[in-house]
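I opened this entry to keep a record of what I looked up, beginning with the salt bridges and going on to the contact between the chains and some local features.

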Amino acid sequence: MILPTLLIVDDEPDIRLLARTLLAAEYDIVEATGGREALEMITGRGDVEVVLLDIRMPDMDGFEVLAQLAERELLEQLSVIAFTAYSDAKMVDEVFRLGAHGMLRKPFTFEELTGALAAARGGAR
Amino acid sequence: MPGQTLEMIRGFIETAPDAMLVVDAAGTIRVANRRAMEMFGAADLEGLLVDALVPDRFAQGHADLRAAFAADSTPRPMGAGRELEAKRLDGSEFPVEVSLGLIDATGEALVSVAVRDVTRRREAEAEAAVFGFIVAATREAIVAVGADGEVTAWNLAAERLTGLSADVAIGRPLWECLVVGDPVLRVQLSAGVDGRAAIDRVRTTVSRTDGTPTPVSISLAPIVDHKGATRGACALIRDITEEVEAQSILAEVQARIAEAQRLGGIGLWAWDVRTDDVQWSEQLHEIAGVGPLEFSGDLAGHLAVIDPETREAVRVMMRTAAETGETFNTEFSLHRPDGGRRWVMLSGEPERDDAGDLLALRGICQDLTDRHAAVEALRDADRVKDEFLGVVSHELRTPLTAILGFGRVLEGRVPDHLEQFVDAIVRNGVEMQGMVERILDYSRSQGGGLLLQFDDHPLDGLLDDLWIQVDSALADHARHVEAEPDLVLHVDPEAFRHVMVNLLTNAAKFTPKGGSITVRARRGVGGRCLISVDDGGPGIPDDELEAVFDRFHQVKSNPIASKRGAGVGLAIVWTYVSAMNGRVWAENRPGGGAIFSVELPMVKP
């Protein structure tokens with residue numbers, strides 16, 4: 001069975017490992033450690049369907065990744081779920097304004113993660 | 001007696017400068033010169049009895065004395081040792097000096113009488129006597145020196161000032177008697193004595209004979225005779241000991257006031273409402289950075305240094321005070337011409353005349369820049385601390401994600417003997433997550449600009465939403481709700497949720513497992529609702545009932561040591577309840593347990 005490809009973008013290796021651990025049964029997991037690498041992988045591979053995107057990252061942050069994806073008209077083919085430790089209303093608004101399909105707050109439970117994925121993928125299609 | 005002789009005598013006495021009469025032995029005036037007729041106011045005196053020219057009260061005595069003179073007619077002044085008076089024909093009297101002489105050339109005993117009117121001289125003598133008395137009695141030392149520089153007059157005050165008596169001083173050189181403290185000044189004074197300069201109230205000291213100096217003010221004027229020649233000088237020396245002492249006390253007081261104003265950064269101002277004159281003290285010029293020469297000295301100038309955005313308000317405040325006569329007090333920022341800023345407090349009060357009319361506003365302007373800066377710095381520090389708390393709490397969420405995430409991954413997947421360790425990891429992680437969330441709640445509540453959305457919300461619905469939130473926190477406790485029906489609150493639902501979640505989790509923290517937690521709600525007074533949370537805990541020490549609402553406060557004698565907290569839950573409660581126009585307080589229930597009560601509006605205020 002071919003699993004959909006999910007890209008985890010986070011500069012924290014433990015968070016990448018956690019997401020991989022929780023989702024390995026349902027997705028083919030690939031990882032990027034920052035925004036630039038994430039953009040390269042999405043455009044280079046062409047098979048990424050779902051993106052778990054950390055907002056706060058050192059080299060290129062999640063906002064910029066969302067903006068670049070929108071510019072390259074790639075957002076429509078993807079389900080992007082932003083996740084962040086920050087949770088103020090301004091940040092949430094900005095994330096959705098830039099075109100993210102879902103939002104997940106750290107720390108998240110397995111149920112919250114799968115719930116957000118289901119909602120975003122359902123909504124994206 | 002031959003008329004020829006009398007004519008000769010008449011011709012002779014007509015040339016005399018005095019009034020002259022020639023009287024015979026019977027007392028009859030035989031000859032009188034023109035001056036005599038003028039003096040006595042008569043067209044002709046000849047043939048009159050001389051006694052008629054003597055006041056009536058002396059007339060008899062005069063006749064007797066006249067007889068005595070006839071017996072011993074040596075020429076002499078009349079009435080030695082007495083003041084003589086004569087009488088004009090109109091009866092008026094005047095002081096005279098009279099000299100008598102014998103004329104024996106005629107063969108008949110005739111007496112020549114020279115009469116001098118001394119009215120002027122008597123007046124001058126009386127004036128001089130008064131003047132002398134004044135000189136003697138005055139408190140100012142008055143001394144006179146002759147052209148040779150020797151003392152010619154030395155009054156009582158001069159004796160008192162120097163300790164030298166007039167007997168000793170008179171005849172001696174002035175500068176031996178008057179020892180002036182400042183030698184340079186003595187040179188100037190000497191010029192005054194020599195008539196080369198007038199000295200007006202110069203200050204120096206004069207030493208007494210025992211050497212003690214007395215502060216004095218000396219004035220000197222030359223004495224000039226009618227020909228314009230300098231005959232010496234007169235000096236007036238005033239003892240100014242009391243004045244100097246008073247001035248020194250005044251100077252001391254002024255220095256103290258100035259020092260207090262400087263140390264306190266207090267400037268004084270006064271605005272004359274009738275003339276629009278504004279006066280500033282030196283310190284106020286200093287505070288405002290506007291020197292006395294640059295200051296326009298009117299209300300416009302007074303207000304010009306105030307920041308434009310507050311200037312108008314201060315103008316209105318001062319005008320209002322001028323109209324109503326009420327005191328005012330305000331704080332604002334000054335914009336100095338040099339670009340510096342000062343935070344000041346300006347206060348003023350009216351000054352009225354006896355009729356109660358307003359004359360002026362006067363008051364102080366205190367520089368509070370340092371204090372203001374300190375308060376601002378404290379506020380900044382507080383804000384930075386809250387921001388720091390927020391950032392740290394956010395940053396804790398990422399590692400918590402890993403701890404809780406992997407902990408839960410491990411749950412049920414590890415050998416039994418390790419299961420309790422995994423439980424501990426997850427349990428502590430959850431507890432820490434709760435603390436982080438509450439600190440973030442607090443941080444948000446302190447961020448200022450809480451944007452609350454007030455609306456009417458039925459209490460039942462609010463509580464239903466609440467139970468979902470606190471279900472796990474209250475899992476180990478018996479929960480009771482006693483609420484009056486149909487209570488509707490005018491609140492922000494999110495803020496209300498924060499309040500109740502914090503109160504309930506706080507209650508759960510202090511209530512032992514199996515204990516009960518009761519929520520009560522009823523109508524209070526004034527359209528307000530009273531909601532209380534009773535716990536089954538140990539209660540709160542009386543002296544901490546208010547402090548529990550302080551940030552980071554932890555009740556000292558918390559017996560349930562395993563239950564930790566950030567100490568912000570009740571501070572959040574306080575902030576949100578206040579923001580919703582309510583109030584919150586804590587009390588102890590007799591017999592144990594704490595009661596937290598929240599009073600919130602039920603209708604739009």
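**Salt bridges.** Working with a predicted model, I took the salt bridges first and found that the structure holds 44 of them over all chains. I then picked out one pair within chain B, where the side chains of B:Glu85 and B:Arg57 meet in a salt bridge at 3.6 Å, N to O. This pair links distant parts of the chain, since B:Glu85 sits in strand β4 (residues 84–87) of chain B and B:Arg57 in helix α3 (residues 56–71) of chain B, 28 residues apart.

**Contact between the chains.** Next I asked how many residues each chain gives to the contact, and I noted 14 residues from chain B and 16 residues from chain A. Between them the two chains bury about 1,300 Å², of which 66% is on carbon and sulfur atoms. On the side of chain B, the residues that lose the most area to chain A are B:Arg397, B:Thr401 and B:Phe406, which together account for 39% of what that side buries.

I also looked for charged and polar pairs across this contact. The count between chain B and chain A is 1 salt bridge, and I found the side chains of B:Glu395 and A:Arg56 meeting in a salt bridge at 2.3 Å, N to O. For polar contacts, the count between the two chains is 3 residue pairs, with both residues at pLDDT 80 or more. Turning to the elements that give two or more residues to the side of chain B that touches chain A, I listed α13 (369–410) and α14 (416–446) of chain B. The largest share of that side, 12 residues, comes from α13(B). By residue class, I noted that the side of chain B that touches chain A divides into 5 nonpolar, 5 polar and 4 charged residues.

**A surface patch.** On chain B I looked up a nonpolar surface patch of about 460 Å², which is made by B:Val130, B:Phe131, B:Phe133 and B:Ile134. I placed B:Val130 in helix α4 (residues 119–137) of chain B.

**Around B:Pro350.** I found B:Pro350 in strand β16 (residues 341–352) of chain B. Its C-alpha atom is separated by 4.5 Å from that of B:Leu361, although the two residues are 11 residues apart along the chain. Leaving aside neighbours within four places in sequence, I recorded that B:Pro350 is in contact with B:Gly325, B:Glu326, B:Thr327, B:Leu358, B:Ala360 and B:Leu361.

**Backbone geometry in chain A.** I kept in mind that most residues other than glycine have a negative phi, and that most peptide bonds are trans. In chain A I noted a cis peptide bond joining A:Lys106 and A:Pro107, with omega about -5°, and I located A:Pro107 in the loop between β5 (102–105) and α5 (110–124) of chain A. I also noted A:Glu73, a residue other than glycine whose phi is positive, near 55°; A:Glu73 lies in the loop between α3 (62–71) and β4 (79–84) of chain A.

Note on methods: Residues are numbered from 1 along each chain as its sequence is written. Chains are lettered from A and ligands numbered from 1 in the order in which they are written. This is a predicted model: local features need pLDDT of at least 70, side-chain atom pairs count only at pLDDT 80 or more; totals for chains, interfaces and linings use all residues. Side-chain values use heavy atoms; hydrogens and water are left out. Contact means heavy atoms within 4.5 Å. Buried area is the accessible area (1.4 Å probe) that two parts lose on being put together, summed over both. A salt bridge is a side-chain nitrogen of Lys or Arg within 4 Å of a carboxyl oxygen of Asp or Glu. A polar contact is a pair of N or O atoms within 3.5 Å; within protein, one must be able to donate a hydrogen and the other to accept it, and residues adjacent in sequence count only if both atoms are side-chain atoms. Helices (H or I, at least four residues) and strands (E, at least two) are DSSP runs, numbered from the N terminus. Ala, Val, Leu, Ile, Met, Phe, Trp, Tyr, Cys and Pro count as nonpolar, Asp, Glu, Lys and Arg as charged, and the others, Gly among them, as polar. Patches are made of residues with over 30% relative accessible area and no salt bridge: like charges are joined within 9 Å, nonpolar side chains (Val, Leu, Ile, Met, Phe, Trp, Tyr) within 5 Å. Accessible areas come from the Shrake-Rupley method with a 1.4 Å probe; for residues, only the protein chains shown count as cover.
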